[in-house]
Amino acid sequence: ARIDKFKNQTHELIEQVAEYHKNIASINVKPDAKRNFLRKLVSSTPPAEPVGWETIQAQIKDIIIPNNSHWQHPMYMSWFPSISTWPAIQGEILSRSINAIGFSWDSSPLQTELELLCADWYAQMMGFPDYFLHEKSPGGGMAMTSAGDSVLNLLIVARHRRNAKKPVIYVSDQTHVHISKCAKALGYETRVIPSYFDEISQNYPMNVSLLPLAIKKDIEAGLDPIFACGTFGTTNSTAIDPIQQIGQICKENNMWLHIDAAYAGSALVCPEFRHLFKGVEYADSIVVNASKWMGLGFCASYMFIRDKKWLGDCFTMDPDYLRKSDDIDLGSLQLAFGRDNRALRMFFYVSQYGVSGVQSMIRKHVELAKILENLIKNDDRFEFCTKREFALLVFRMKGDDQKTTELIGKLKERKDIFVLGTKLEGRPVIRLSMNSEYLEEEHIHRAWEIIASLA
Ligand code: PLP
């Protein structure tokens with residue numbers, strides 16, 4: 001009877017989820033929620049006795065779904081995509097149902113092997129060199145929770161490899177904050193190298209000419225430069241750092257080169273973007289968030305490393321309760337112990353959409369971004385701040401910055417569109433990212449209507 005109950009309820013839940021996805025475009029992308037709304041709707045004390053399924057279903061319908069910001073909504077154009085495709089949802093159901101904790105090969109042979117396989121699939125899909133494939137090298141990818149989780153591990157390993165006493169790392173002022181946040185937590189110094197407006201890319205890459213001097217100064221001051229990050233697709237404006245030059249400088253100084261390709265890495269699944277990805281031959285590690293443009297849902301950040309031994313040397317411990325295995329134990333290659341099965345989502349998604357399906361979603365977003373780009377270009381109240389490279393548009397109102405600030409303020413008040421305002425060179429910019437699997441041309445026109453009329 002228990003299992004029947006599970007079946008019936010879960011069927012009903014899937015119905016609710018399917019309806020939610022089917023009708024998502026007809027609701028507002030942002031909720032009406034006010035701070036502390038939940039405690040007015042749900043008791044602050046835990047239920048002493050079981051709550052009926054009907055009550056929970058009603059809570060899903062009336063409380064849980066409506067009070068979310070809807071990241072799958074076509075009018076969600078903020079930050080970056082966090083697409084949860086149906087195979088990803090299926091993978092998560094199966095992962096939770098089996099719920100093995102794959103810290104070692106024998107703790108879950110399937111989980112370990114599937115993760116190695118799927119990391120190799122992903123690396124091949126993005127055209128990565130063989131030295132990031134498990135099958136062909138000592139390197140390869142692991143499915144971590146987030147870019148921050150990956151970088152925390154990598155920064156520890158980079159210090160360990162160099163036996164550095166006073167580590168210092170290098171980022172640009174456009175590098176996502178997770179890197180310096182991890183460095184701060186580990187007690188490392190972070191040097192922020194300024195970006196500049198580059199006429200060729202019309203974007204804000206790191207001013208790499210300033211990097212050698214910064215490193216030299218730190219060495220003279222008795223610090224240990226160990227790590228630099230080049231970003232392939234920055235958060236503010238999808239700028240591409242001069243990774244090749246950063247890599248050469250890293251090589252000369254025996255430093256770790258990390259590539260943060262959290263968002264734009266997945267675009268490499270489409271070969272037409274690969275010419276933008278230069279300098280991978282210098283990379284010790286690359287992080288791509290499959291939770292973003294790949295459609296796997298949060299959390300699934302793939303951390304590729306050139307040699308897994310670097311991780312093992314740093315993190316392998318030998319407690320009595322772990323069977324010693326000569327083969328691969330993924331839990332011994334990371335700081336945390338337990339490991340969730342995050343590869344099932346990749347397996348289901350790539351199997352059911354095929355590489356061509358993955359490419360289609362990315363290409364569709366890029367095409368839709370171009371349509372919006374043209375609408376903005378044809379309105380002389382606006383100007384672009386950077387050149388579009390992927391599916392992100394960064395623009396402002398011409399003239400006084402106050403106009404853009406006010407427009408961002410007005411857009412933020414809207415519940416029917418979710419956009420982000422940020423800053424470049426201290427000036428406000430509007431940032432629109434094509435994010436939803438359900439995004440169609442009509443939503444592009446709707447977004448433009450809202451922005452143009454508020455402007
Ligand atoms: N890197 C870039 C370029 C990002 O835009 C983001 C978040 O959007 C991150 C890293 C951080 O990702 P995570 O939340 O997985 O740590």
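Guide: A residue is buried if 20 or more other C-beta atoms (placed from the backbone) lie within 10 Å of its own, exposed if 12 or fewer, and partly exposed in between. The model here is predicted: local features need pLDDT of at least 70, side-chain atom pairs count only at pLDDT 80 or more, and totals for chains, interfaces and linings use all residues. Residues are numbered from 1 along each chain as its sequence is written.

Visitor: Let's try that out. What makes asparagine 99 count as exposed?

Guide: Asparagine 99 has 10 C-beta neighbours inside 10 Å, so it counts as exposed. You'll find it in the loop between helix 4 (86-98) and helix 5 (109-125); helices (H or I, at least four residues) and strands (E, at least two) are DSSP runs, numbered from the N terminus.

Visitor: And why is threonine 238 called buried?

Guide: Threonine 238 is buried because it has 29 C-beta neighbours inside 10 Å. Its place is the loop between strand 4 (224-231) and helix 9 (243-252).

Visitor: What is the sign of phi at asparagine 99 and at threonine 238?

Guide: Positive: about 50° for asparagine 99, which is not a glycine, and near 50° for threonine 238, also a residue other than glycine. Most residues other than glycine have a negative phi, and most peptide bonds are trans. On the peptide side, phenylalanine 298 and cysteine 299 are joined by a cis bond, with omega about 0°. That cysteine 299 sits in the loop between strand 6 (285-289) and strand 7.

Visitor: How do you know that strand 1 is largely enclosed?

Guide: Count its residues: five of the five in strand 1 (residues 140-144) are buried, so the rest of the structure largely encloses it. Gly140, Met142 and Met144 are buried on one side, and Gly141 and Ala143 on the other.

Visitor: What makes strand 1 and strand 7 a pair?

Guide: Pairing takes at least two DSSP bridges, and strand 1 has five with strand 7 (residues 301-305), in the antiparallel sense. In one of them, methionine 144 is matched with serine 301.

Visitor: How do you know that the length of helix 12 agrees with what it should be?

Guide: The expected span is 1.5 Å times one less than the number of residues. For the 13 residues of helix 12 (residues 401-413) that is 18 Å, and the end C-alpha atoms are 19 Å apart, which agrees. Its buried residues are Thr404, Leu407, Ile408 and Leu411.

Visitor: Why say that those buried residues line one face of helix 12?

Guide: Down the axis of helix 12 they fall within an arc of 100°, so they line one face; the arc is that of the directions from the helix axis to the C-beta atoms. An α-helix has 3.6 residues a turn, so residues three or four places apart point the same way. Turned away from the buried side of helix 12 are the exposed Gln402, Gly409 and Glu413.

Visitor: Where are the buried and the exposed residues of helix 13?

Guide: His443, Ile444, Ala447 and Ile451 are the buried ones in helix 13. Those fall within an arc of 105° down the axis of helix 13, so they too line one face. Glu441, Glu442, Glu449 and Ser453 are exposed on the other side of helix 13.

Visitor: Last one: how many residues surround the ligand?

Guide: 15, the closest being Ser146, Ala147, Gly148, His176 and Ala262; a residue is near a molecule or strand if its C-beta atom, placed from the backbone, lies within 6 Å of it.
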